[in-house]
Amino acid sequence: MGVFVDQLTSARPKIRFGDRAFAGISNTAGVSILALLAAVFIFLLVSSGNVLVASGQDIIKHVGFARGMTFWQFAGITVFGTLLAALIALIIAVPFAVGIALFISHYAPRRLAAAFGYVIDLLAAIPSVVFGLWGMWTLEPLMRPVFTWISGVLMPLFTFISGKPAADAAGGGAWEGGLPGLSWLAQNYQWWPLRADAAAFVPPGRNILMGGLILAIMILPIITSLSREVFNQTPRLQEEASLALGATRWEMIKMVVLPHGRSGVVSASMLGLGRALGETMALLMVLSPGMMVNFKLMSPGQHSTIASQIALRFPEASGLESDFLIALGLILFVITFAVNFIARTIVARYAEFSGANA
């Protein structure tokens with residue numbers, strides 16, 4: 001019996017020192033990420049505690065740039081601007097990114113696809129301040145005729161839907177035109193997105209739509225690169241089988257490539273959204289800030305974002321003002337964390353029903 005135990009013991013594989021060291025380093029790295037995340041959250045929470053428990057009167061008295069608003073009113077306005085700019089960027093960037101990724105992976109010749117891939121990767125390395133300078137001095141003058149055309153198309157449509165102030169109202173609040181119910185919303189709520197003045201373009205083009213366009217260009221390389229890699233992972237046999245059964249190239253992409261890469265595209269879009277939410281310098285340079293909650297996308301001086309407010313105010317802030325800005329950073333941290341959590345849930349659900357796990 002003792003001989004058998006000795007043989008069994010000697011037959012067990014010995015764990016080498018290198019394996020133990022690598023496992024220890026990996027575990028330490030994983031735990032350190034969680035510890036770092038917790039440390040950032042604790043710092044933001046502790047540093048912003050004075051603001052979170054302060055009364056509205058204290059905020060109005062000691063925070064000059066709050067413009068007579070409480071912390072939650074100020075935070076709500078900047079959260080609205082942050083989400084609006086990021087949403088505009090996502091709406092513009094995702095279709096272009098998917099189209100470019102499909103062109104590189106399934107349409108372009110190999111050499112041209114490689115060149116396009118290098119260009120996209122290099123575009124992701126351009127600093128945000130360069131995008132801001134380019135957008136302010138080059139893109140904004142080019143977009144003015146486009147904004148003018150969009151305004152000319154949308155204003156008559158929005159006027160038909162929601163009406164407009166009567167010409168002879170002289171500030172009396174009279175309203176004319178519009179569809180039943182929708183005209184009442186436009187008359188009583190400034191944030192109603194279909195008001196006629198929501199489509200009005202007021203030069204210069206330093207508005208939230210320009211900011212969203214700059215953000216879209218900045219997140220385009222991220223979404224494109226990840227989508228391209230996902231599309232390239234589509235099983236070649238499935239593509240060839242669909243073509244052999246008589247499908248055109250577009251039908252093959254629609255029935256095989258896009259379902260297989262859907263979860264990857266969603267994941268890439270959420271990563272781009274995460275960068276758009278936290279972008280600072282480009283928006284600070286392009287956007288003419290304002291503290292309004294409305295959908296006047298082509299008018300300057302209407303919206304602002306959390307990151308741009310922190311960058312603009314923090315160098316001169318002190319005391320409760322610094323805590324005020326740190327509290328805004330805490331809200332941005334929570335929003336980013338929530339967006340990534342929702343993204344993981346969406347990706348897991350799409351992967352369950354797509355061809356990615358076939």
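What follows is a dialogue in which a learner and a teacher read selected features of a predicted model.

Q: Where does UniProt list a "transmembrane region" in this chain?
A: The UniProt entry, which is unreviewed, lists residues 21-46, 71-104, 116-137, 208-226, 276-295 and 324-343 under that name. Such a record can then be set beside the model itself. Over residues 116-137 the chain is 82% helix and 0% strand, with end C-alpha atoms 26 Å apart, while the span 276-295 is 45% helix and 0% strand, with its end C-alpha atoms 19 Å apart.

Q: How many residues does helix α5 have, and what is its reach from the first C-alpha to the last?
A: One way to read a helix is to set its reach beside the span expected at 1.5 Å a residue. Helix α5, residues 71-107, has 37 residues and reaches 52 Å, which is close to the expected 54 Å. There is nevertheless a kink of about 30° at alanine 93 in this helix, shortly before proline 95.

Q: Where does the kink in α9 lie?
A: The kink in α9 lies at isoleucine 219, shortly before proline 221, and amounts to about 40°. Helix α9 covers residues 208-232, and its 25 residues reach 35 Å from the first C-alpha to the last, close to the 36 Å expected. As for its surroundings, 19 of the 25 residues of α9 are buried, so this helix is largely enclosed by the rest of the structure.

Q: How many salt bridges does a search of the whole structure find, and how should I read one of them?
A: The search finds seven. In reading a salt bridge, you can look at the closest nitrogen and oxygen atoms, which must lie within 4 Å, and then ask where the two partners sit. The side chains of arginine 228 and aspartate 121 meet in a salt bridge at 3.8 Å, N to O. Arginine 228 belongs to helix α9 and aspartate 121 to helix α6 (residues 110-123), so this pair ties together parts that are 107 residues apart in sequence. Arginine 228 is buried, with a relative accessible area of 11%, whereas aspartate 121 is partly exposed at 39%. Asp121 and Arg228 are also linked with Glu229 in a network of salt bridges.

Q: Which helix holds both arginine 144 and glutamate 140?
A: Both residues lie in helix α7 (residues 128-162), where they are four residues apart, about one turn of the helix. Their salt bridge has its closest N and O atoms 2.6 Å apart. Arginine 144 is partly exposed, with a relative accessible area of 34%, but glutamate 140 is buried at 5%.

Q: What is the partner of arginine 195 in its salt bridge?
A: The partner is aspartate 197, and the closest N and O atoms of the two are 3.1 Å apart. Here arginine 195 counts as buried because its relative accessibility is 8%, and the cut-off for buried is under 20%. Aspartate 197, with a relative accessible area of 25%, is partly exposed.

Q: Which residues form the nonpolar patch on the surface?
A: The patch consists of Phe41, Ile42, Leu45, Val46, Leu52, Val53, Trp72 and Val334, which together have about 790 Å² of accessible area. To read a patch, ask which elements supply its residues: α2 (17-47) and α3 (49-53) each give at least two, and the largest share, four residues, comes from α2. Phenylalanine 41 is found in α2 and, at 33% relative accessibility, counts as partly exposed.

Q: What is unusual about the backbone at arginine 67 and at proline 204?
A: Most residues other than glycine have a negative phi, and most peptide bonds are trans. Arginine 67 has a positive phi of about 60° although it is not a glycine. Arginine 67 sits in the loop between α4 (56-62) and α5 and is exposed, with a relative accessible area of 53%. Proline 203 and proline 204 are joined by a cis peptide bond, with omega about -5°. Proline 204 lies in the loop between α8 (182-188) and α9, and at 34% relative accessibility it counts as partly exposed.

Q: What separates proline 204 and proline 300 in sequence and in space?
A: Sequence separation and spatial distance are worth reading together. These two prolines are 96 residues apart in sequence and 7.2 Å apart in space, C-alpha to C-alpha.

Conventions:
Residues are numbered from 1 along each chain as its sequence is written. This is a predicted model: local features need pLDDT of at least 70, side-chain atom pairs count only at pLDDT 80 or more; totals for chains, interfaces and linings use all residues. Side-chain values use heavy atoms; hydrogens and water are left out. Patches are made of residues with over 30% relative accessible area and no salt bridge: like charges are joined within 9 Å, nonpolar side chains (Val, Leu, Ile, Met, Phe, Trp, Tyr) within 5 Å. Accessible areas come from the Shrake-Rupley method with a 1.4 Å probe; for residues, only the protein chains shown count as cover. Buried means under 20% relative accessible area, exposed over 50%, partly exposed in between (1.4 Å probe, protein chains only). UniProt positions are given in the numbering used here, feature names are shortened, and annotations may be inferred rather than shown by experiment. The expected span of a helix is 1.5 Å times one less than its number of residues. The bend at a residue is the angle between axes fitted to the seven residues ending there and the seven starting there.
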